[in-house]
Amino acid sequence: MNRTELEKIKIKALEEHIPIIMDETLEVIEKYLKEKKPKKILEIGAAVGYSAMCFSEFLAEGGNIDTIERDEERIKEAKENFKKVGLQDKINLYEGDAVEILPTLNEKYDMVFIDAAKGKYPFFLKESLRMLSKEGVIFADNILYKGYVMSDYNKHKQRTAVRNLREYIKEVTENPNLETEILEVGDGLGVSRIK
Ligand code: SAH
Ligand code: MG
C-alpha cells in the first residue's frame, strides 16, 4: 500500500471532520490484527475508507475486507482512495444502507468492525454474530459516545443513540457465548470474542 497517500487521506479526512478511527483505537485493533492475521474482515461504516485501508495491512495471504457505506459522496471518495493506495482488489465496498445490505450477506468473518449509525448497533450486533467465525472478534467503536452512555444522560437528540448503545453493551455482556471488554480508548471500544 502507498503509505504517503494514506497519510494524505487521513489529513484530509481530519480537516473535513470525517469521524475516522482515532489513533489509540487503531492501536488496540492493530495489536489484535498482528496476532490473528484475519482472512476476512467486515466493516460497517467505511466513510472514506481510512480504517479499512489501515486494517488491510494485516490481512492473511489472500484475505479481503468487505465494507459498507451509504453516503454517496463518501462512497465516491472511498473508491478513489482505494485505487490511489492500490487496494481496490482487497477492499470491496457495498454501497447502501447496512440495515438492508447485511441481511443479504452470508459469509464468515474473522473480525467485524462496527462503526456506523449508533441507533442501529443492536441490529448490527445480531447480523455480525450470525456471520462471525468461531475465533472471531467484534469491535464496536464509539461505544461510550462522549461519556453519555455511562452517565445519566437522557436528553435531546442523542437519546435514541444512547439507548441503543446501552442495549448493545447489555447484550454483549449478558450473552453467555461472548467474552466482552469495554475499553475507554478513543470514544470507547467494545471488544467481544466468542468463548
Ligand atoms: N470506519 C471509518 C469511519 C466511519 S464514520 C474510519 O474509521 O475511517 C461512520 C460512517 O458510517 C459514515 O460515513 C456514515 O455515512 C456511515 N453510516 C452510518 N450509518 C450507516 C448505515 N446504516 N449504513 C451504511 N453506512 C452508514
Ligand atoms: Mg468511529
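**Exercise 1. Placing Phe58**

In which loop is Phe58 found?

*Solution.* The model is predicted. Step one: locate the residue. Phe58 sits in the loop between H3 and E2.

Step two: classify Phe58. Its relative accessible area is 13%. Buried means under 20%, so Phe58 is buried.

Step three: list the contacts beyond four places in sequence. Phe58 touches Glu30, Leu33, Lys34, Lys37 and Pro38. Glu30 and Leu33 are among the buried residues of H2.

Step four: compare sequence and space for one of these partners. Phe58 and Pro38 are 20 residues apart in sequence. Their C-alpha atoms are 7.4 Å apart.

**Exercise 2. Checking helix H2**

Test the length of H2 against the expected rise, then describe what the helix packs on.

*Solution.* Step one: count. Helix H2 covers residues 23-36, which is 14 residues.

Step two: apply the rise. At 1.5 Å a residue, H2 should span 20 Å. The end C-alpha atoms are 20 Å apart, so expectation and model agree.

Step three: pick out the buried side. The buried residues of H2 are Thr25, Leu26, Ile29, Glu30, Tyr32 and Leu33. An α-helix has 3.6 residues a turn, so residues three or four places apart point the same way.

Step four: name what these residues meet. They pack against strand E1 (40-44), helix H3 (50-56), strand E4 (109-114), E5 and strand E7 (189-194).

Step five: look past the end. Lys37 follows H2, and its phi is positive, near 45 degrees.

**Exercise 3. One residue of H2**

Is Thr25 buried or exposed?

*Solution.* Step one: place the residue. Thr25 belongs to helix H2.

Step two: read the accessibility. Thr25 has 0% relative accessibility, so it counts as buried.

Step three: find the partners. Beyond four places in sequence, Thr25 is in contact with Asp141, Val185, Gly186 and Leu189.

**Exercise 4. Assembling the sheet**

What is the order of the strands in the open sheet?

*Solution.* Step one: write the order. The 7 strands run E3-E2-E1-E4-E5-E7-E6, and the pairing is mixed.

Step two: find the edges. Strand E3 (91-95) and strand E6 (178-183) are the edge strands, as each pairs on one side only.

Step three: add the twist. From one strand to the next, the twist averages 15 degrees.

Step four: assign senses, pair by pair.

- E2 and E3 run parallel, joined by 5 bridges. Thr67 has Leu93 in E3 as its bridge partner.
- E1 and E4 are parallel over 4 bridges. Ile41 has Met111 in E4 as its bridge partner.
- E4 and E5 are parallel over 5 bridges. Tyr109 stands opposite Leu132 in E5.
- E6 and E7 are antiparallel over 6 bridges. Thr180 has Ser192 in E7 as its bridge partner.

Step five: check the cover on E4. Here 6 of its 6 residues are buried.

**Exercise 5. Helices over the sheet**

Trace how H4 and H6 relate to the strands.

*Solution.* Step one: take H4. E2, H4 and E3 make a right-handed β-α-β unit.

Step two: take H6. E4 and E5 pair in the parallel sense. The chain crosses from E4 through helix H6 (residues 121-131) to E5, and this β-α-β crossover is right-handed.

Step three: set the direction of H6. The helix lies across E1, E4, E5 and E6. H6 runs at about 160 degrees to E5.

**Exercise 6. Two neighbours in E5**

Ser133 and Lys134 both belong to E5. Why does Ser133 count as buried, and why does Lys134 count as exposed?

*Solution.* Step one: compare with the cut-offs. Buried means under 20% relative accessible area, and exposed means over 50%. Ser133 has 13%, so it is buried. Lys134 has 74%, so it is exposed.

Step two: recall strand geometry. In a regular strand the side chains alternate between the two faces of the sheet.

Step three: list the partners of Ser133. Beyond four places in sequence, Ser133 is in contact with Lys108, Tyr109, Asp110 and Ile194. With Asp110 there is a side-chain polar contact of 3.0 Å.

Step four: relate Lys134 to the residue after H2. Lys134 and Lys37 are 97 residues apart in sequence, and their C-alpha atoms are 15 Å apart.

Terms used:
Residues are numbered from 1 along each chain as its sequence is written. Chains are lettered from A and ligands numbered from 1 in the order in which they are written. This is a predicted model: local features need pLDDT of at least 70, side-chain atom pairs count only at pLDDT 80 or more; totals for chains, interfaces and linings use all residues. Side-chain values use heavy atoms; hydrogens and water are left out. Helices (H or I, at least four residues) and strands (E, at least two) are DSSP runs, numbered from the N terminus. Buried means under 20% relative accessible area, exposed over 50%, partly exposed in between (1.4 Å probe, protein chains only). A polar contact is a pair of N or O atoms within 3.5 Å; within protein, one must be able to donate a hydrogen and the other to accept it, and residues adjacent in sequence count only if both atoms are side-chain atoms. Contact means heavy atoms within 4.5 Å. The expected span of a helix is 1.5 Å times one less than its number of residues. Two strands pair if DSSP finds at least two bridges between them. A crossover is right-handed if, with the strands pointing away from the viewer, the path from the first strand over the helix to the second runs clockwise. Axes are lines fitted to C-alpha atoms, for helices over the stretch in contact, and angles run from 0 to 180 degrees between N-to-C directions.
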